[in-house]
Amino acid sequence: MGKAKPRYCELCGREIRGQGHIIRIEGAELLVCDECYRKYGRKPGTFSIMPRREPVRRVTSSKPRPIVKRERPLITEDIVEDYAERVMEAIRKSGLSYEELSHKVGLSVNVLRRIAHGEYTPTIEEARKLERFFKIKLVEKVEADYEQRPMIPKDYEPTLGDIARIKVRKRKK
């Protein structure tokens, strides 16, 4: 008979002399040497690097409370349509140059000029800065309609086409 293949510890990599030991680490059963067996466990059990948490028991009442969802209207903020005219008029009334205004408002000269000429729509934050400095109204609240979610029947089973997004390529003629 030939010589048996040497076996190696699955933790440290040393050659196992003798029979070896099986331990369980985080759900995996490993063949280990005597030294790793002494370090990590005496029986195939429950060694884990991660600390264990005791399961939290939740006390439930006899009657579950119904969850009441109140749908709130969607309120968003939007920039007024004539923002450029309002900003340009406020700049004229202030009598300051774009450079002076940019330091006081906190926007760059280029952005301030582009907003005043209507080439750039300001973000809500930028419009708020202009509102505070010039004491004009640039942001308005817009109330949108409720978004109706489509009702899905309880016995509905999705198909592959419902889940996958299919891209249809146009054929070249």
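## Salt bridges and an aromatic pair in a predicted model

Glutamate 35 is partly exposed, its relative accessible area being 38%. The model described here is predicted. Arginine 14, at 41% relative accessibility, also counts as partly exposed, and the side chains of glutamate 35 and arginine 14 meet in a salt bridge (3.1 Å, N to O). This pair links distant parts of the chain, with glutamate 35 in helix α1 (residues 34-40) and arginine 14 in the segment before β1 (21-25), 21 residues apart.

The count comes to 5 salt bridges, including those in the table.

| Salt bridge | Closest N and O atoms |
|---|---|
| Glutamate 35 and arginine 14 | 3.1 Å |
| Glutamate 77 and arginine 128 | 2.5 Å |
| Arginine 128 and glutamate 131 | 3.2 Å |

Glutamate 77 forms a salt bridge with arginine 128. Because glutamate 77 lies in strand β3 (residues 74-79) and arginine 128 in helix α5 (residues 124-134), the pair ties together parts that are 51 residues apart in sequence. Arginine 128 also forms a salt bridge with glutamate 131; being 3 residues apart in helix α5, these two are separated by about one helical turn. Salt bridges that share partners thus join Glu77, Arg128 and Glu131 into one network. Within this network, glutamate 77 is partly exposed at 35% and arginine 128 is partly exposed at 27%, whereas glutamate 131 is buried at 12%.

A search of the whole structure finds 1 aromatic pair. The ring centres of phenylalanine 133 and phenylalanine 134 are 5.0 Å apart and the ring planes stand at 80°, so the pair is edge-to-face. Phenylalanine 133 is partly exposed, with 30% relative accessibility, while phenylalanine 134 is buried, with a relative accessible area of 13%.

Conventions: Residues numbered from 1 in each chain as written. Predicted model: local features only at pLDDT ≥ 70, side-chain atom pairs only at ≥ 80, totals over all residues. Heavy atoms only, no water. Phe/Tyr/Trp six-rings, centres within 6.5 Å; stacked < 30°, edge-to-face > 60°. Buried < 20%, exposed > 50% of the residue type's maximum accessible area, 1.4 Å probe, protein only. Salt bridge = Lys/Arg side-chain N within 4 Å of Asp/Glu carboxyl O. Helix = DSSP H or I, 4+ residues; strand = E, 2+ residues; numbered from the N terminus.
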